[in-house]
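Colleague: Please take me closely through how the strands pair in this model, from one edge to the other, and tell me what is known about the individual partners.

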Amino acid sequence: MSIATVILAAGQGTRMKSARAKVLHTVGGQPMILRAVQTAECIGADCLVVVVGHQAEAVAQAVSSRAQIVLQKEQLGTGHAVLQAADLLRDKSDLVVVMYADMPLLRPKTLQQLVEAQRANAEGCLTMLTVTLPNPHGFGRVVRAPDGSVAAIVEEAECTPEQSAIRELNAGVYVFKAAWLWQALRRIQPKSKGEYYLTDLIEIAVAEGQRVIGIEASDPDEVIGVNTRVHLAEAEAILRRRINEQHMLNGVTLLDPATTYIEESVRIGADTIIYPNVHLRGKTIIGEGCVIESNSVIVDSHIGKACRIVASVIEGATLEDHVEIGPFGHLRQGAYLCEGVHLGNFGEVKNARLGRRTRMGHFSYIGDAEIGEDVNIGAGTITVNYDGVRKHKTIIGDRAFIGSDSMLIAPITVAEGARTAAGAVVTRDVPADHIAVGVPARMRRWQKPELEAPET
Ligand code: UD1
Ligand code: CA
């Protein structure tokens, strides 16, 4: 049986008190509308439609080519919203799944169960998801018939005191027989405020003698509908717990899962230890046996094995194995640190490669540079990469020694094994066997003494 899925995302979300449409608010770093689209994609719908209205352009842009877009010009209720997809979807599928875009935690598995139940429901035209909650505030109440089928959904505003007490609620996910849905939608009568409730379809089906099946969600967390920012924070916390539990089961130690913020897209190797208040985002991959200490934020970066990162911000960077950073390091786009690099406090690296075992201990900036192996970058070194118009490159050869507070005015090359003296402002290339001295630096011959005191 072919399936079409309709996601309702036209509402304003007044209760969010936001200039941004509700479905564009993010949970786990992803707009809610994209979470809904992703869930729908998982069940392999043959046709996927998103109904937009409030801030239609912005919502459609977020969806991009992942679904067809239908406009609901006036937000006249959930029933009216589904009707907008009728012309596009009539005769296109055997079943139609309808879901709301404000349910960011719904699992594909649950949606699949609902589809299966409707496939097996030969005498009925619809199956819906319900949930039992201690606090039903805001949900439509599910009224059951004596035989256990669903008799009606009553919206909170229309509830009798008796119905108000019902704890089984409408989650907001439905699977319909397509042929029935498209004709029945036209029979929904508007409420006093002129709204057409999708939920009235249940009574319409029951009046025809159709059996409506209500399947109860086994995990109430899944069906949280985000109407306010309080719900948004709840959804965020539940998702965080789900993600963090999975990492812990995979062998990652989280010292305090409640304050560890890991987006779904992140991968982490076993035996890595993560301290509280760490944020891992985007396409980040972390190897095995790392230690990520508090107040680190890592975005779209690859971290090798056995690295140690302390209170640092790492964005778009790559670290090979056994790299140490921080406290207070900042790696930006294109930073590439080879095996065994040590970056101490207040180091910043952008669009630069640091060769194996190179050390940069204290407050330095390396940008647009190519640094060899075993280089020592003294405290306060700066690659002066920008002349106000263009960026220029710095090249430092293997085993070079850059004295503290050196300014390397790019473009510039420091040869293998060459040196700069403390405080040098280096405006010309430093040849091999030379040390650059002074301001602007002059070149003097320099040779490694026979016996050099060990570095500390
Ligand atoms: C709805 C259900 C309620 C259920 C609850 C679950 C109806 C009438 N009520 O109430 O039974 O318990 O969800 O969370 O369906 N939308 C449109 N166009 C509109 C109106 C809404 O696209 O004209 C979209 C919204 O963007 C939203 C979804 O439909 O994604 C649900 O609308 P919302 O106003 O949040 O409905 P609830 O009051 O939560
Ligand atoms: Ca809602």
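Modeller: Two strands are taken to pair if DSSP finds at least two bridges between them, and the strands themselves (E, at least two residues) are DSSP runs numbered from the N terminus. This is a predicted model, in which local features need pLDDT of at least 70, side-chain atom pairs count only at pLDDT 80 or more, and totals for chains, interfaces and linings use all residues. Residues are numbered from 1 along each chain as its sequence is written, chains are lettered from A and ligands numbered from 1 in the order in which they are written, and side-chain values use heavy atoms, with hydrogens and water left out.

The part you ask about is an open sheet of twelve strands with mixed pairing, which follow one another in the order E12-E15-E18-E21-E24-E27-E29-E31-E34-E37-E39-E40. Its edges are strand E12, residues 253–254, and strand E40, residues 441–445; each of these has a single partner strand, so one side of each is left without a neighbour in the sheet.

Starting from the E12 end of that order, we come to strand E15, residues 273–274, which pairs with strand E18, residues 291–292, in the parallel sense over two bridges. In this pairing isoleucine 274 has isoleucine 292 of E18 as its bridge partner.

Further along the order stands E24, which covers residues 324–325 and is linked to strand E25, residues 330–331, by a loop that contains phenylalanine 328. That loop residue, phenylalanine 328, is partly exposed, with a relative accessible area of 46%; on this scale buried means under 20% relative accessible area, exposed over 50%, and partly exposed in between (1.4 Å probe, protein chains only).

At the other end of the order, E39 lies between E37 and E40. Strand E39, residues 434–438, is mostly covered, five of its five residues being buried. To one neighbour, strand E37 at residues 419–420, E39 is joined by two bridges, and these two strands run parallel; here arginine 419 stands opposite isoleucine 435 of E39. To the other neighbour, E40, the pairing is antiparallel and extends over five bridges, with alanine 436 finding its bridge partner in methionine 443 of E40. A hairpin of two residues makes the connection from E39 to E40. E39 therefore has a parallel partner in E37 and an antiparallel one in E40, whereas E40 itself is an edge strand with a single partner, so one of its sides has no neighbour in the sheet.

Notes: Helices (H or I, at least four residues) and strands (E, at least two) are DSSP runs, numbered from the N terminus.
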